[in-house]
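Here are a few comments to read beside the structure. Take them one at a time, and find each residue as you go.

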Amino acid sequence: MLIDKASYHFRPLNRGEVIVFKNPENRSEYFIKRVIGLPEEQVVIAGGEVYIEGKLLKEGYLPEDQTSSGDSDFTLGSTEYFVMGDNRLQSRDS
């Protein structure tokens with residue numbers, strides 16, 4: 001696997017972009033996740049759907065039957081991003 005570590009130092013991350021980063025709890029393990037929430041946004045997961053700033057997030061990259069589990073409400077800080085794996089039911093997410 002080839003990982004581009006430099007690009008993110010020169011431009012902000014975009015919603016929907018796939019990123020690779022080290023697991024903060026085990027630095028020898030990598031996570032592959034998709035950027036869902038951007039800095040200072042409110043991210044709500046409810047009823048299997050993801051909402052950004054109160055609007056349903058259209059996730060065309062997911063299979064139609066794929067849902068997000070749990071109910072959560074996050075407001076991100078100025079340097080925080082919210083990421084999720086595409087295999088939502090088997091993923092450790094933000």
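**Notes on strands and one buried serine**

1. Start with one pair of residues. Valine 43 has isoleucine 52, in β4, as its bridge partner. Keep in mind that this is a predicted model.

2. Now widen the view to the two strands. β3 covers residues 42-46, and four bridges tie β3 to β4. The pairing of β3 with β4 is antiparallel. Together, β3 and β4 make a hairpin, with two residues between them. Look at glycine 47 in that turn: its phi is positive, at about 60°.

3. Strand β4 spans residues 49-52 and has two faces. Which residues lie on the covered face, and which on the uncovered one? Val50 and Ile52 are on the covered face. Glu49 and Tyr51 are on the uncovered face. Ile52 is the residue from point 1, the bridge partner of valine 43.

4. Strand β4 also pairs with β5, which is residues 55-56. Two bridges join β4 and β5, and the strands run antiparallel. One partnership to find is tyrosine 51 with leucine 56 in β5. β4 and β5 form a hairpin too, with two residues between them. In this turn, glutamate 53 has a positive phi of about 50°.

5. Next, move to another set of strands. What is the strand order in the open sheet of three strands? The order is β1-β2-β7, and the pairing is antiparallel. β1 (18-23) and β7 (82-84) are the edge strands, so named because each pairs on one side only. From one strand to the next, the twist averages 55°.

6. Look closer at β2 and β7. β2 runs over residues 26-37, and three bridges connect β2 with β7. These two strands are antiparallel. Valine 35 sits opposite valine 83, which belongs to β7.

7. Finish with serine 68. Serine 68 lies in the loop between β5 and β6 (72-75). Is serine 68 buried or exposed? Serine 68 is buried, because its relative accessible area is 4%, and buried means under 20%.

8. What does serine 68 touch, once neighbours within four places in sequence are set aside? Its contacts are Ile45, Gly48, Val50, Met84 and Arg88. Val50 appeared in point 3, on the covered face of β4. Serine 68 can also be compared with alanine 46. The two are 22 residues apart in sequence, and their C-alpha atoms are 8.1 Å apart in space.

Methods: Residues are numbered from 1 along each chain as its sequence is written. This is a predicted model: local features need pLDDT of at least 70, side-chain atom pairs count only at pLDDT 80 or more; totals for chains, interfaces and linings use all residues. Side-chain values use heavy atoms; hydrogens and water are left out. Axes are lines fitted to C-alpha atoms, for helices over the stretch in contact, and angles run from 0 to 180 degrees between N-to-C directions. Buried means under 20% relative accessible area, exposed over 50%, partly exposed in between (1.4 Å probe, protein chains only). Contact means heavy atoms within 4.5 Å.
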